[in-house]
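Reader: I am new to this structure and should be grateful for a close look at a single part of it. Please take one residue and the helices around it.

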Amino acid sequence: MRHSNGQRRLDHYHPATSESVDTLTTTTTGSQHTAVYAEVVEVEEYELGSDVEPAEAQGTLKLTSRRSIHSGPRRRARDETKKEIQVDDEASLRDLLISLQKQVSVMSMNLSAKLDELQRGDRHYETTVALCDIRTQLQELTKSVESCQSEVSEVKRDMVAIKHELDTVQQVKEEIEELREYVDRLEEHTHRRKLRLLEQGLTFFLSYAILAAVLGMLQFGYNTGVINAPEGNIEYFMKDVYKSRYGEDLADEEVQRLYSLAVSIFAIGGMLGGFSGGMVANRFGRKGGLLLNNVLGIGGACLMWFTKVTNSYEMLFIGRFIIGVNCGLNTSLVPMYISEIAPLNLRGGLGTVNQLAVTVGLLLSQVLGIEQFLGTNEGWPLLLGLAICPALLQLILLPICPESPRYLLITKQWEEEARKALRRLRASNQVEEDIEEMRAEERAQQAEASISMMELICSPTLRAPLVIGVVMQLSQQLSGINAVFYYSTSLFASSGLTDESAKFATIGIGAIMVGMTLVSIPLMDRTGRRTLHLYGLGGMFIFSIFITISFLIKEMIDWMSYLSVVSILSFVVFFAVGPGSIPWMITAELFSQGPRPAAMSIAVLVNWLANFLVGIGFPSMKAFALQNALENYTFLPFSVFLAIFWIFTYKKVPETKNKTFEEILAIFRHGNGRNSFRDSRLYGSMLNCVNALEGHLPVEQAGLVHGEEKGDSFGNPFDHNTEELQLFDSAYSAKNLFPSRAHSTYAFYSGT
């Protein structure tokens with residue numbers, strides 16, 4: 001019973017599992033069996049009496065066993081008793097050992113399981129960490145994928161936009177091909193219209209109008225030269241008046257100063273008249289301004305005529321100033337009027353008529369100024385007073401002439417009046433070509449229709465032609481020709497001629513001027529303005545050097561005085577070929593209707609200012625030269641100026657022969673000077689034709705006006721094709737010719 005309880009106790013601590021029982025049983029022999037048996041019994045008893053740990057029970061077992069071996073007889077009696085149950089206890093012990101072995105095995109298995117579990121737990125932790133890293137990377141990868149999807153969407157949109165732009169490019173190419181065809185038709189139409197304009201001839205009424213108008217320039221030429229011949233008579237009159245007033249003689253230096261004032265005050269009046277010419281032209285018209293200007297001409301001539309009667313040289317100064325204002329207005333209004341009424345193919349030749357009238361006036365003043373006519377003490381007031389004749393004659397002839405058609409159409413918007421004027425001037429009812437050409441100019445210059453002088457000076461497009469016009473005027477006045485006109489008699493006298501011969505040589509200057517101006521009229525539209533101006537300036541430069549050389553050695557060689565005369569006359573010849581007439585004409589040609597009056601005012605003002613400086617400065621320069629023995633070098637400054645003007649003309653001045661006003665404007669709009677003319681010829685002719693034909697196109701085709709400046713938002717595939725860009729710009733700069741696709745084309749080129 002105890003055994004079974006002990007067994008249950010051990011089973012309680014050690015669950016039943018067994019391995020290797022036979023090994024443990026065979027190793028127990030003899031006394032050892034007894035000791036073990038006793039030990040087992042004690043263990044069982046001990047375990048039944050207490051709940052101690054197995055390790056403590058083992059210690060008790062060993063002690064009890066030792067005491068049992070040495071106990072004596074009493075112990076032996078007990079051993080016999082115990083032998084009876086030894087067999088049963090061995091079986092129990094075997095079961096116990098088997099249970100212990102099973103427990104150890106279970107503990108080993110549990111330990112291995114725990115170790116395996118721990119090992120599996122480490123791998124799980126590493127796997128968790130790795131999974132967290134993978135999860136983080138997957139989140140980043142998801143974000144990257146989403147970003148890539150967004151970029152892919154943007155790329156798709158960009159590709160759609162690029163496809164749209166490529167479609168636009170293809171559309172533009174198709175439109176350019178259409179524009180090519182249309183421009184070809186426009187060019188053909190322009191060519192035919194220009195041929196018709198070039199076929200216009202000189203009619204009777206046109207000749208009459210030009211004759212009536214150039215009387216103003218004859219007035220200018222006459223009053224420029226009339227003061228030259230009676231120089232001695234006028235100085236004598238001043239001395240006589242001064243002595244009668246103050247009872248003493250006037251010093252020669254003072255007399256020379258007063259005479260220089262009489263000469264130069266004419267130029268001061270000219271500056272005032274020339275500066276106000278643009279305002280008068282816009283306010284009263286070209287013809288109206290000329291008619292009103294004759295009042296000043298008559299008044300100034302009368303004052304000079306009655307100078308001697310009133311015994312007042314102050315009246316001479318006032319008369320010269322007023323007639324100077326009259327001549328300044330004439331120099332602004334007459335070239336403007338003639339250039340606007342002249343046909344395209346005759347504009348250069350008829351513009352030269354201005355200079356012809358000037359030279360005729362000079363010649364008349366020189367012929368009438370000799371002693372055989374009016375160059376006497378009694379006749380010089382009448383000589384000055386004859387300036388009334390051109391003014392009266394113009395008052396009689398000019399009212400029959402029409403107003404400038406360009407002024408009527410462009411400035412006043414009186415189209416029917418312009419047509420009537422053109423029919424009279426052209427002696428034909430077929431004036432549509434002229435009207436179209438004027439309309440083209442009007443549309444090309446709408447932004448500058450009412451331009452002021454300050455706007456003209458500040459305009460980048462108009463600055464270049466303004467500079468050219470001003471320099472051309474300076475090339476006329478600073479060439480030295482006025483020194484010849486005003487002081488030719490004294491120049492010839494200083495070169496060795498007698499006073500009588502000097503006066504006739506002065507008349508020869510006027511005659512040569514008239515003859516060479518007549519020669520230059522047909523050359524103007526055949527050779528060209530620029531070419532003739534270069535020839536003129538070059539010849540004047542060469543002969544100004546000869547004049548200086550002849551002055552230097554005239555005292556050494558007797559016949560050198562004749563070389564001086566020939567050099568001066570040749571100097572005048574080359575002046576008449578180019579610088580005499582071209583500056584007046586080309587200034588009016590370089591500008592269209594809007595800025596033309598302001599440009600003429602500035603150019604004429606500069607001309608008269610230079611005229612004044614030469615007129616008042618040349619005597620002082622001569623006096624300085626005489627005092628410093630430099631008289632023979634007085635023409636050298638003019639030689640330097642001539643060289644500068646020749647270089648400027650060669651580099652900057654364009655050729656305007658047979659060019660419409662808008663073609664000339666295109667030269668300066670798309671470049672500077674003559675170098676850009678080749679590229680702008682198509683632009684000018686197409687602009688002219690497109691504007692002219694716009695009246696025949698539907699209204700909806702005139703909606704898009706090309707801007708002056710365009711920005712590019714992306715690369716233009718046609719940047720390398722200058723011809724295509726010119727064609728596009730030529731057509732679209734005027735109006736929209738293809739409304740169906742014009743907006744896409746314009747947007748493509750403007751980058752909008």
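Author: Contact here means heavy atoms within 4.5 Å. The model is a predicted one, in which local features need pLDDT of at least 70, side-chain atom pairs count only at pLDDT 80 or more, and totals for chains, interfaces and linings use all residues. Residues are numbered from 1 along each chain as its sequence is written, and side-chain values use heavy atoms, with hydrogens and water left out.

The residue chosen is G273, which lies in helix α9; helices are DSSP runs (H or I, at least four residues), numbered from the N terminus. Leaving aside residues up to four places away in sequence, G273 touches V325, G328 and L329. Between G273 and L329, 56 residues apart along the chain, the C-alpha atoms are separated by 4.6 Å. G273 has a relative accessible area of 0% and therefore counts as buried, a term for values under 20% (1.4 Å probe, protein chains only).

The helix of G273, α9 (residues 252-284), packs with α12 at an angle of about 35°, their axes being 6 Å apart. Axes are lines fitted to C-alpha atoms, for helices over the stretch in contact, and angles run from 0 to 180 degrees between N-to-C directions. The crossing of α9 and α12 is right-handed, that is, the near helix is turned clockwise from the far one by less than a right angle. By class, 20 nonpolar, ten polar and one charged residues make up this contact of α9 with α12. Here Ala, Val, Leu, Ile, Met, Phe, Trp, Tyr, Cys and Pro count as nonpolar, Asp, Glu, Lys and Arg as charged, and the others, Gly among them, as polar.

Definitions and conventions:
Helix = DSSP H or I, 4+ residues; strand = E, 2+ residues; numbered from the N terminus. Buried < 20%, exposed > 50% of the residue type's maximum accessible area, 1.4 Å probe, protein only.
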